[in-house]
Amino acid sequence: MNKQVCAIGIIVVLVVAVGVLFILGMDLPEGEPSFDNEGRYDSTILNNMGVIYSNQSHIEHWNNGYSESDACPWGAAHNGLDYMFSNNSPVIAAAPGLVIGIEIDYLPNSTVYKVGVHIQFNESVWLEYGFEGDANETMRAQQVAMLDVEVGDWVAKGDQIARFLRPSVYDHVHFGVYLNDEAICPRLVMGEDDYNEIMILVHSFDATWELCYP
Ligand SMILES: [Zn+2]
């Protein structure tokens with residue numbers, strides 16, 4: 001008798017548990033994984049992203065910013081900012097977040113490799129730090145070895161993500177800001193001081209350039 005009661009009890013608990021899981025599952029919107037930073041930072045503040053260098057002297061040149069068409073000084077659409085770091089310079093986080101992926105590949109039909117560090121800020125915004133170098137797998141592995149983060153790490157704004165490997169003078173970090181997986185002008189989420197900071201850098205190379213062009 002006691003065994004039967006016990007068995008019925010277990011079945012009732014199981015049925016309730018499955019029901020609760022089913023209802024919780026239904027509450028999650030399709031295709032949108034929930035993102036919880038467990039109180040590490042305020043993920044509703046969308047105007048506090050910074051630059052990814054710690055010192056302007058680490059940037060060798062500014063060739064192109066963000067553009068949505070070819071109507072810009074560099075003459076082509078470009079969905080991010082290219083920071084042309086000097087060799088072995090520190091690359092720092094523009095915003096806090098969780099490292100959700102490290103993409104190791106080559107650009108399509110190209111000898112330019114990409115080590116793309118993807119850091120999620122909140123449910124709808126993630127950042128890409130794409131270490132792009134024109135070289136071989138050995139150099140790419142060397143750039144990977146110079147990363148300071150791995151998937152699953154949390155970073156704070158200003159934390160060092162990596163040191164930059166510069167196999168050739170064209171190499172850079174392609175920095176992209178994605179809102180609902182669409183690239184946006186990084187200015188839209190930057191703090192005022194940080195925007196002023198990057199414009200001093202940009203204007204030190206080209207006095208009339210904007211950060212972003214439509
Ligand atoms: Zn780029």
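Two strands pair if DSSP finds at least two bridges between them. The exercises below apply this to a predicted model.

**Exercise 1.** Which strands pair with β7, and in what sense?

Solution.
- Step 1: β6 and β7 are joined by nine bridges and run antiparallel. The cut-off for pairing is at least two bridges, so β6 and β7 pair.
- Step 2: A hairpin of four residues connects β6 to β7.
- Step 3: Within this pair, Lys114 stands opposite Glu132 in β7.
- Step 4: β7 also pairs with β10, over eight bridges and again in the antiparallel sense. Here Leu127 stands opposite Val177 in β10.

**Exercise 2.** Is β7 mostly covered or mostly open, and what does β7 supply to the largest nonpolar core?

Solution.
- Step 1: Of the 10 residues in β7, seven are buried, which leaves the strand mostly covered. In the chain of 214 residues, buried residues make up 28%.
- Step 2: The largest nonpolar core has 40 residues. Strands that each supply at least two residues of this core include β6 (112-120), β7 (125-134) and β10 (172-179).
- Step 3: β7 gives five residues, the largest share of this core.

**Exercise 3.** Which residues have the most contacts inside the largest nonpolar core, and what does Val91 touch?

Solution.
- Step 1: The residues with the most contacts inside the core are Ile52, Tyr83, Val91, Tyr129 and Val173.
- Step 2: Leaving aside neighbours within four places in sequence, Val91 is in contact with Ile52, Phe85, Tyr129, Ile161, Ala162, Phe164 and Val173.
- Step 3: For the chain, 67% of contacts between residues at least 6 apart in sequence join residues at least 24 apart.

Notes
Residues are numbered from 1 along each chain as its sequence is written. This is a predicted model: local features need pLDDT of at least 70, side-chain atom pairs count only at pLDDT 80 or more; totals for chains, interfaces and linings use all residues. A residue is buried if 20 or more other C-beta atoms lie within 10 Å of its own, exposed if 12 or fewer, and partly exposed in between; C-beta atoms are placed from the backbone. Two residues are in contact if their C-beta atoms, placed from the backbone, lie within 7 Å. A nonpolar core is a set of buried Ala, Val, Leu, Ile, Met, Phe, Trp, Tyr and Cys residues joined through C-beta atoms within 7 Å.
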